[in-house]
Amino acid sequence: MILGGHFSFETLKTKTKGAENIINGLNEITNIQMAIFTLSLLVCKNGYILKNETEFCPPNYYGKSKMIGEYLVRNMLPSRMVSLLI
């Protein structure tokens with residue numbers, strides 16, 4: 001049983017486009033000082049321990065979408081708005 005489309009390519013495209021839309025909106029509004037972006041544990045396989053904040057090992061398309069979302073946040077938002085907590 002697949003819950004919430006976590007294993008579909010369509011999920012990857014939809015979540016990536018949604019992250020892009022939010023980032024583009026944040027870039028257009030000049031008075032926003034900070035945005036909070038959260039990730040799922042599914043950026044890595046269950047039980048995997050990250051060695052650093054940019055290492056990922058997503059087990060499915062849902063995890064890949066979260067990995068891409070973080071990449072977009074790091075690379076499309078001004079550094080003044082990006083403060084990540086892992």
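**View 1. The buried side of helix α1 in a predicted model.** Six names to look for on α1 are T11, L12, T16, A19, I23 and L26, which are buried. Look down the axis of α1 and these buried residues fall within an arc of 120 degrees, so they line one face of the helix. Turn to the face pointing away from that buried side and you'll meet the exposed residues T14 and E28. What do the buried residues of α1 pack against? Their partner is α2, residues 61–76.

**View 2. Helix α1 from end to end.** This helix runs over residues 9–28, 20 residues in total. At 1.5 Å a residue it should span 28 Å, and because its end C-alpha atoms sit 29 Å apart, the expected span and the model agree.

**View 3. The largest nonpolar core.** Six residues make it up: A19, I23, L26, L72, V73 and L77. Both α1 and α2 chip in, each with at least two residues. Helix α1 gives the most, with three. As a bit of background, nonpolar side chains in soluble globular proteins tend to be buried together.

**View 4. Zooming in on L72.** L72 is one of the residues of the largest nonpolar core. Skip its neighbours within four places in sequence, and L72 is in contact with T16, A19, E20, I23 and L77. Of those partners, A19, I23 and L77 also belong to that core.

**View 5. S65, a buried serine on α2.** Is S65 buried or exposed? Its relative accessibility is 3%, and the cut-off for buried is under 20%, so S65 counts as buried. This residue is found in helix α2. A polar atom of the S65 side chain lies 2.6 Å from the backbone oxygen of Y62. Leaving out residues up to four places away in sequence, S65 touches L12, K15 and T16. Two of these, L12 and T16, are among the buried residues of α1.

**View 6. Pulling back to the whole chain.** The secondary structure comes to two helices and zero strands. Of the chain's 86 residues, 24% count as buried. Take the contacts between residues at least 6 apart in sequence: 57% of them join residues at least 24 apart. The chain exposes about 6,100 Å², with carbon and sulfur atoms supplying 58% of that area.

Key:
Residues numbered from 1 in each chain as written. Predicted model: local features only at pLDDT ≥ 70, side-chain atom pairs only at ≥ 80, totals over all residues. Heavy atoms only, no water. Helix = DSSP H or I, 4+ residues; strand = E, 2+ residues; numbered from the N terminus. Expected span 1.5 Å × (residues − 1). Buried < 20%, exposed > 50% of the residue type's maximum accessible area, 1.4 Å probe, protein only. Arc of directions from axis to C-beta. Contact = heavy atoms within 4.5 Å. Areas by Shrake-Rupley, 256 points an atom, 1.4 Å probe, with all protein chains shown as cover. Core = buried A, V, L, I, M, F, W, Y, C linked by side-chain atoms within 4.5 Å. Polar contact = N/O pair within 3.5 Å; in protein donor to acceptor, adjacent residues only side chain to side chain.
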